[in-house]
Amino acid sequence: MKEKEFEHFQEIVEETMKKEGLSRRDALKLMGLGSAAAMMGGTSVKAEAATEAKASSAKGKILIVGGGLAGMSTAARLVRNLDNPDITVVEPNPRSVSYQPGLTLIGGYEWGVDDIIYNTSDFVPNGVKWIQDRVVEFDPENNKVKTEKGKTIEYDFMVVAGGLELAFDKIKGLEEIGTLYTLGENQKAAEILAKGNAASLYFVDGAVQMRKNLNAFIEAAKSGKKVKGIFTHPNTPIKCGGAPKKILFLTDSNLRHAGARENAELVFYPNGGSMFGVPEYHKAILNLFEEKDLKYHYKHNLIEIDLEKKIAVFDKHDKTKKVYDPDIEEEIEEVVHERVEVPYDMIHITPPMKAPDYIGKSPVGSSAGFIPVNYETLQHKKYKNIFSLGDIAAVPLGKTGGSARKQYKVVVDNLISVMEGKEPTAKYNGYTVCPLITEIGKVMLAEFKWADPANGKYNGIVYPSFPLDPTKPRWLYWVLKVYMLKPMTQYGMLKGLA
Ligand SMILES: Cc1cc2nc3c(=O)[nH]c(=O)nc-3n(C[C@H](O)[C@H](O)[C@H](O)COP(=O)(O)OP(=O)(O)OC[C@H]3O[C@@H](n4cnc5c(N)ncnc54)[C@H](O)[C@@H]3O)c2cc1C
């Protein structure tokens, strides 16, 4: 984005905020956009980091595993906060530093692939060593890792930020796809899905395919054909829990713009029993479903798909029955599993997700495959010289870039404390943000954090940055989502500033 364009969008934001009774300065600062704007020379708002930065003379070899959004931002901020940084990032992908939230806008709006993918090398901070390789063995007792290319790397401190893998192979009928990363050449996977009018925003080629499928779906509806589109949400933790609904809302919106909504039935099949973990957002989304005539069936997990016949098979698990347990000699509730076959014309699949096995199943992983950390300090539960953040960290809620934006500052502060021989004291508060697109031109900025971590309550509560009703979709947030959050990520977070 050019400086002039950025300034133009800032002006739009400022004007919209004035109408909402907000000052741009406060709002941008709250969103952490001040630094992004400052980097672009468009404002006098001070960069957050400038007030926070405290250079430390602490020394030590720091290894960062995974140079995606969380890993590379951590490297950038460590460079700003250490006098003598000695940092190595191991990252296999030459195009790892992406703006993944833009995938939704590729699948359901007007963005292209070039809008979201950058060269990893452009975001490796000065002085940081990038090894283009993959860690395949962890030896945390001896502070060593091994890479795929056979290199042994020793470290004093390690940050694990390996992200999530997409486990398409857990769905019967999609075994051929195997597991994928969001970034990478996955054209073949998109082609396999396309045979059954299926696609997924969760990988780049899949998002491109989604747009093609959506166009064909709209054309069919426009021709007068009655069509059915279905949208799934799996039974594992996923990154950006809002994305399965964003593409549903965008499908609805595109159909309305095309004047063909009445010919399409749109149905959401989530594994869970609600629309959102935070009651206020759940209620607001349910109202939108009603308003937009969107249908839903809770507790349906996609387990199989027949691409040729275009039939999705779900495990429906919304009922229980009483059964006698001879071990405890009592009746217990048992979930009833029912196989439900749903014919469709277009399907958006959100695949099951997991930590990459090299990391999740290693000595630094947990039995559930994520990195076990203290939820607040993000320090490894067993190894005090290891921290983890981003999608791979085993913390309740937040698997979004917005969570990583809060976490990486905590990790940097705490890692430096440990390097200085002190206890880690900085705390992550569970902050997560989901800019939920509800139609072209409107976004509900669902911000939340943990209720009361001091008393072990990690459920989400509403936590808005703006003094506005956060459950109301607004054009202002669309402008932020579509025009401002990307430069904020590129020029703020990935520079270690915001
Ligand atoms: C469709 C979609 C929509 C989204 N929308 C939003 C949104 O609106 N707002 C928001 O805040 N977030 C959103 N997100 C989520 C956000 O993009 C992620 O939470 C964020 O990218 C997580 O960063 P990360 O560094 O943990 O993982 P990643 O950015 O995925 O990086 C992980 C890196 O680790 C590397 N790696 C893996 N294994 C190894 C290994 N063994 N050795 C070395 N390196 C390894 C990978 O190559 C990868 O580059 C969305 C995501 C998707 C897919």
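Which residue of strand 12 does H233 stand opposite? H233 faces P270, and View 3 comes back to this pair. Everything here is a predicted model, where local features need pLDDT of at least 70, side-chain atom pairs count only at pLDDT 80 or more, and totals for chains, interfaces and linings use all residues. Residues are numbered from 1 along each chain as its sequence is written.

**View 1. The chain splits into domain 1 (3-163 + 355-495) and domain 2 (166-353).** These bounds come from an automatic or database domain assignment. Taken over C-alpha atoms, the domain centres are 28 Å apart. Domain 1 puts 29 residues into the contact and domain 2 puts in 33 (contact: C-beta atoms, placed from the backbone, within 7 Å). On the domain 1 side, helix 6, strand 20, strand 21 (442-452) and strand 22 (457-462) each give two or more residues. Helices (H or I, at least four residues) and strands (E, at least two) are DSSP runs, numbered from the N terminus. That side of domain 1 has 14 nonpolar, 11 polar and 4 charged residues. For these classes, Ala, Val, Leu, Ile, Met, Phe, Trp, Tyr, Cys and Pro count as nonpolar, Asp, Glu, Lys and Arg as charged, and the others, Gly among them, as polar.

**View 2. The ligand sits among 41 surrounding residues.** To be in this shell, a residue needs its C-beta atom, placed from the backbone, within 6 Å of the ligand. The closest are G66, G68, Q100, G163 and G390. Both domain 1 and domain 2 chip in with at least three residues each. Helix 5 (69-81), helix 6 (103-108), helix 11 (357-360), helix 12 (401-419) and strand 20 (432-439) supply at least two apiece. By class, the shell comes to 21 nonpolar, 15 polar and 5 charged residues.

**View 3. Five strands line up as an open, parallel sheet in the order 10-17-11-12-13.** Strand 10 (198-199) and strand 13 (295-296) are at the edges with a single partner strand each, so one side of each has no neighbour in the sheet. Strands count as paired if DSSP finds at least two bridges between them. Strand 11 (residues 227-233) and strand 12 (residues 264-270) run parallel over 7 bridges, and here H233 stands opposite P270.

**View 4. Helix 7 (residues 187-194) packs on helix 8 (residues 204-222) at about 35°, with axes 8 Å apart.** Axes are lines fitted to C-alpha atoms over the stretch in contact, and angles run from 0 to 180 degrees between N-to-C directions. Helix 7 brings Q187, A189, A190, L193 and A194 to the contact, and helix 8 brings D205, G206, V208 and Q209. By class, that makes 5 nonpolar, 3 polar and 1 charged residues.

How values were computed:
Two residues are in contact if their C-beta atoms, placed from the backbone, lie within 7 Å.
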